[in-house]
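Biologist: I'd like a close look at a single part of this chain, with enough of the surroundings to see how it fits in. Could you walk me through it?

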Amino acid sequence: MATSAELARYEQRFRRAGLPLFIEDFSPTHDIFSRATPVLALVFIAEMIGATRLSWHWWQNLLAALGGLAVLIAGFGLLNLFRGRRFWSFPTRFGTPELAVFVLLPALLPLATEVQLRQFFGVAIGNLLLVGMVYLVIGYGLIGTTVWGVRRLGTELANSVASLVRALPLLLVFSLVLFVNTEMWQVFAGMPVAFIIILAVSFSLLSDLFLVLRLPKELDAIERDAGSGPPLRRIQRLNLSVSLVIRQWLQGLVVSAGVGLFFIGFGMLAISRHIYENWGIDTGGWSHQLDLLGYQLLISAALVKVAAGIATFTGLYYSISLMTDATYRAEWLDNITDELRELFTARTEYLELRARQVPAES
């Protein structure tokens with residue numbers, strides 16, 4: 001019993017670190033979809049509205065919804081009988097049959113009541129995407145990694161600001177030149193908000209792709225330096241890579257947000273309404289003036305767009321510097337190597353504990 005409790009503590013530590021695949025015998029059936037059973041069940045029941053129609057009376061829709069719910073429950077009940085379980089038992093594991101029923105059975109309701117093939121495929125594809133998202137989020141520890149990042153937000157902020165300060169001599173000169181450039185304002189001020197969001201997401205994906213391409217070599221070095229015990233399996237290395245990408249993304253997000261706020265403040269001081277008029281720049285959908293010591297500060301939609309655009313460039317520069325600049329790379333890797341050394345040591349102890357438990361149980 002003590003061994004089982006110790007194993008559970010190790011496994012909980014791996015989950016909290018965003019590395020659930022470090023757990024031996026980790027399977028989608030028992031460890032991923034079973035944890036998401038409440039969410040899947042809620043979505044499954046909510047999709048009974050697929051049996052209703054807007055053109056029907058309320059009592060007809062109520063009867064159709066209850067009938068749809070009965071069909072969904074009966075479908076899973078028959079599957080339980082087929083799998084050797086009681087009809088009313090709640091699934092404790094989600095294998096391929098359970099997932100197939102979850103994806104396809106609710107999609108059959110609109111097909112049966114309205115013969116809507118488009119709605120059938122829409123519900124089925126939506127459920128399939130939900131299953132894939134659950135697999136990625138739980139299977140690769142995205143929740144644990146994100147929670148870890150939130151807990152370490154203060155430390156990440158300090159590290160990011162320290163790294164940014166070292167880059168300021170070159171980075172600020174480059175960014176300030178862009179910021180006071182008329183063409184830069186014309187480009188970003190006239191750009192729809194959706195395009196700026198797409199630009200930020202694209203730059204984030206580009207920096208993540210660059211990190212992913214460089215990570216295998218870096219992980220080999222980290223594992224040789226900090227690791228012990230059996231080498232990581234491919235799926236475990238992928239889990240570790242995803243965790244590091246999220247950590248790098250959080251740190252880049254902190255830097256980008258800080259740069260964006262800096263240029264909003266700087267723009268309020270330096271770019272007056274008179275400059276807007278001389279440059280021929282519209283303030284955008286909204287603008288506000290604030291009085292500071294008799295000086296009118298202007299904040300506008302155009303200023304926020306320009307600051308956001310420059311922040312995306314800065315975030316991309318910083319993310320690439322983490323892997324190309326020797327100083328940034330050494331500092332970033334030093335921070336995570338200490339943590340990985342402890343996790344690798346814990347993994348070795350965990351595997352040894354499992355090896356002792358197996359003969360004891362046999």
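Which helix is the place of L7?

Modeller: L7 sits in helix α1. Before going further, keep in mind that this is a predicted model, so every distance below is a computed one.

Let's stay with L7 for a bit. Its relative accessibility is 6%, so L7 counts as buried, the cut-off being under 20%. What covers part of that side of helix α1 comes from far along the sequence: leaving out residues up to four places away, L7 touches Y350, L353, R354 and Q357. Take Q357 from that list: L7 and Q357 are 350 residues apart in sequence, yet their C-alpha atoms are 9.6 Å apart in space.

Further along helix α1, which covers residues 2-16, you reach R13. The side chain of R13 meets that of E342 in a salt bridge, 4.0 Å from N to O. E342 belongs to helix α14 (residues 326-361), and the two partners are 329 residues apart, so this pair too links distant parts of the chain. For your charge bookkeeping: a search of the whole structure finds one salt bridge. With a 4 Å cut-off on the N to O distance, the 4.0 Å of E342 and R13 is worth a look if you plan to vary that threshold. R13 is not buried like L7; with a relative accessible area of 36%, R13 is partly exposed.

Next to R13 in the numbering is F14, and here the theme shifts to rings. The whole structure holds 13 aromatic pairs. In one of them, the ring centres of F14 and F22 are 5.8 Å apart and the planes stand at 65 degrees, so the pair is edge-to-face. Both F14 and F22 are buried. Elsewhere, F179 and W185 make another edge-to-face pair, with ring centres 5.6 Å apart and planes at 65 degrees. F179 and W185 are both buried as well. These two also belong to a cluster: ring pairs link F179, W185, F262, F263, F266, Y276 and W279.

That cluster leads on to strand β2. Y276, one of the cluster's members, is also among the residues that L298 touches. L298 lies in strand β2 (residues 295-300), and with a relative accessible area of 1% it is buried. Beyond Y276, and again leaving out residues up to four places away in sequence, the contacts of L298 include G267, M268, I271, S272, R273, H288 and L303. The C-alpha atoms of L298 and G265 are 9.7 Å apart, with their positions 33 residues apart along the chain.

After strand β2 comes helix α13 (residues 301-324), and there you find K305, which should interest you if you're assigning charges. K305 is buried yet has no salt bridge; the nearest side chain of opposite charge is D282, 8.7 Å away. Where does the side chain of K305 reach, then? It goes to the backbone oxygen of M191, at 3.0 Å. M191 is also one of the residues K305 touches, along with F188, A189, V193 and I196, not counting residues up to four places away in sequence.

Two more spots fill in the picture. V259 lies in helix α11 (residues 234-270) and is buried at 8% relative accessibility. V259 and T312 are 53 residues apart in sequence and 9.0 Å apart from C-alpha to C-alpha. P216, by contrast, lies in helix α10 (residues 193-226) and counts as partly exposed at 41% relative accessibility. From P216 to L238 the C-alpha distance is 9.4 Å, with 22 residues of separation in sequence.

Stepping back to the whole chain: there are 14 helices and two strands, and 44% of the 362 residues count as buried. Among contacts with a separation of 6 or more, 73% are between residues 24 or more positions apart, and the contact of L7 with Q357 is an example of a pair spread far along the sequence. The accessible surface comes to about 19,600 Å², and 69% of that belongs to carbon and sulfur atoms.

Note on methods: Residues are numbered from 1 along each chain as its sequence is written. This is a predicted model: local features need pLDDT of at least 70, side-chain atom pairs count only at pLDDT 80 or more; totals for chains, interfaces and linings use all residues. Side-chain values use heavy atoms; hydrogens and water are left out. Helices (H or I, at least four residues) and strands (E, at least two) are DSSP runs, numbered from the N terminus. Buried means under 20% relative accessible area, exposed over 50%, partly exposed in between (1.4 Å probe, protein chains only). Contact means heavy atoms within 4.5 Å. Accessible areas come from the Shrake-Rupley method with a 1.4 Å probe; for residues, only the protein chains shown count as cover. Lys and Arg count as positive and Asp and Glu as negative; His and the chain ends are not counted. A polar contact is a pair of N or O atoms within 3.5 Å; within protein, one must be able to donate a hydrogen and the other to accept it, and residues adjacent in sequence count only if both atoms are side-chain atoms. Rings of Phe, Tyr and Trp (its six-membered ring) pair if their centres lie within 6.5 Å; planes under 30 degrees apart count as stacked, over 60 as edge-to-face and the rest as tilted.
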